[in-house]
Amino acid sequence: GDSNITYIKTSDESEIPVPEGFKYVEGTVSTGAVIEDENGNQFVWVPTDEVLFARRNFDTPEQNSQNEITQTTEFFETVESNSEYIECVNKYKGFYIGRYEASENSEDVNKACTKRGVLPWTEIVYDKMRRVAKNTYADNPSVISDITSSYTWDTLCEWISKSGYDIYNSTTYGNYANNTEGTRQKSLTGRNTKWVTNNIYDLAGNVWEISTEEWGDIYDQNHSGRGGGFHNDGIEYPISCRVAEYDGAYSYIGFRIVLYLK
């Protein structure tokens, strides 16, 4: 309930709802307000008062030209499967996204971290990603945690687009093969201060991030990947793209945690 959420003023007097166990660190609502838990995990507030919380189609002709399966794929995600989250977002006019790609928690294999300077958690199957993400804040009375959905990712893209980032060519601000500063390998989270969008690191490039959005004939065994990876081109696979991925464990695929306020 509301009693566990405190409204805190950021550095420019804009206000964010801060859940129990978290404190405000830096940033503003428009530039990305950062909160942190007692273990140093950081999240950024994504406001939805001016950006509708919804799925979108960002496809442009030059995208996905190399991914034939994606070109002919129907992606879908039901309102029903997200109804609880939609309610939370509408209530507080926003949600929190991990500032960094999820990484392993050395103290608890059933929880993830969202911290700077560590390798993203890859080689993890979909079901485990989801279980770990949900479990990470299962004991926090203020939030529900999960991996990203098409609703959160698309809304995020719309928000950073309004902030001036090119979501159809994110080469310059992601760890991509065609970025001169790209590493062509999985990099530590937050490695490059240029690979940031509204205080959120590595949404573009580095590792693909799996969402709850499904595709194909065997629906619950195939999910979409978002944001491109270190081995991809930032024009063909920009921050806004979605590709058809399988639910196996891969070295170039990870996830990111979302927090919805109860």
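## Tyr100, Tyr201 and the aromatic pairs

Tyr100 and Tyr201 are both buried residues. The structure in which they sit is a predicted model. The rings of Tyr100 and Tyr201 form a stacked aromatic pair, with 5.4 Å from centre to centre and 20° between the planes. Tyr100 belongs to the loop between β7 (94-98) and β8 (103-104), while Tyr201 belongs to strand β12 (residues 200-201), so the pair ties together parts that are 101 residues apart in sequence. Tyr201 has a further neighbour: Arg116 lies over the face of its ring, at 4.7 Å from the ring centre.

A pair of aromatic rings is described by the distance of the centres and the angle of the planes. The structure holds 15 such aromatic pairs. Another of them joins Trp121 and Phe255; this pair is tilted, with 6.0 Å between the centres and 50° between the planes. Trp121 is in the loop between β9 (112-113) and α3 (126-136), and Phe255 is in the loop between β16 (253-254) and β17 (257-261), so this pair ties together parts 134 residues apart in sequence. Trp121 has a relative accessible area of 5% and is therefore buried. Phe255, with a relative accessible area of 0%, is buried too. In addition, ring pairs link Phe53, Tyr85, Phe95, Tyr151 and Tyr260 into a cluster.

## Helix α2

Helix α2 covers residues 79-92, a run of 14 residues. From its first C-alpha to its last, α2 reaches 18 Å, close to the 20 Å expected at 1.5 Å a residue. At Tyr85 the helix bends by about 40°. Tyr85 is also one of the residues in the ring cluster named above.

Which residues of α2 are buried? They are Asn82, Tyr85, Ile86, Cys88, Val89 and Tyr92. An α-helix has 3.6 residues a turn, so residues three or four places apart point the same way. After the helix comes Lys93, whose phi is positive, near 60°.

## Helix α4

Helix α4 consists of 13 residues (residues 150-162), and at 1.5 Å a residue it should span 18 Å; its end C-alpha atoms are 18 Å apart, which agrees. Of its 13 residues, 10 are buried, so α4 is largely enclosed by the rest of the structure. The buried residues are Ser150, Tyr151, Thr152, Trp153, Asp154, Thr155, Leu156, Cys157, Trp159 and Ile160. Tyr151 also takes part in the ring cluster that includes Tyr85 of the helix described before.

Both ends of α4 can be described. At the N-terminal end, Ser149 acts as a cap: a side-chain oxygen of Ser149 lies 3.1 Å from the backbone nitrogen of Tyr151. Gly164 follows α4 and has a positive phi, near 105°.

## Cysteines

How many disulfides does a search of the whole structure find? The search finds 0. Cys88 has a relative accessibility of 9% and therefore counts as buried. Cys113 likewise counts as buried, because its relative accessibility is 8%. Cys157, in α4, is another buried cysteine.

## Ser211 in strand β13

Ser211 is part of strand β13 (residues 208-215). Its relative accessibility is 0%, so Ser211 counts as buried. The side chain of Ser211 has polar partners. A polar atom of this side chain lies 3.1 Å from the backbone nitrogen of Glu213. The side chains of Ser211 and Ser224 are joined by a polar contact of 2.7 Å.

## Two asparagines with positive phi

Most residues other than glycine have a negative phi, and most peptide bonds are trans. Asn199 is a residue other than glycine with a positive phi, near 70°. Asn199 lies in the loop between β11 (196-197) and β12. At 18% relative accessibility Asn199 counts as buried, because the limit for a buried residue is under 20%.

Asn206 also has a positive phi, of about 65°, although it is not a glycine. Where is Asn206 found? The residue is in the loop between β12 and β13. Asn206 is buried, as its relative accessible area is 0%.

Conventions: Residues are numbered from 1 along each chain as its sequence is written. This is a predicted model: local features need pLDDT of at least 70, side-chain atom pairs count only at pLDDT 80 or more; totals for chains, interfaces and linings use all residues. Side-chain values use heavy atoms; hydrogens and water are left out. A disulfide is a pair of cysteine sulfur atoms within 2.5 Å. Buried means under 20% relative accessible area, exposed over 50%, partly exposed in between (1.4 Å probe, protein chains only). Helices (H or I, at least four residues) and strands (E, at least two) are DSSP runs, numbered from the N terminus. The expected span of a helix is 1.5 Å times one less than its number of residues. A polar contact is a pair of N or O atoms within 3.5 Å; within protein, one must be able to donate a hydrogen and the other to accept it, and residues adjacent in sequence count only if both atoms are side-chain atoms. The bend at a residue is the angle between axes fitted to the seven residues ending there and the seven starting there. Rings of Phe, Tyr and Trp (its six-membered ring) pair if their centres lie within 6.5 Å; planes under 30 degrees apart count as stacked, over 60 as edge-to-face and the rest as tilted. A charge sits over a ring if NZ of Lys or CZ of Arg is within 6 Å of the ring centre and within 35 degrees of the ring normal.
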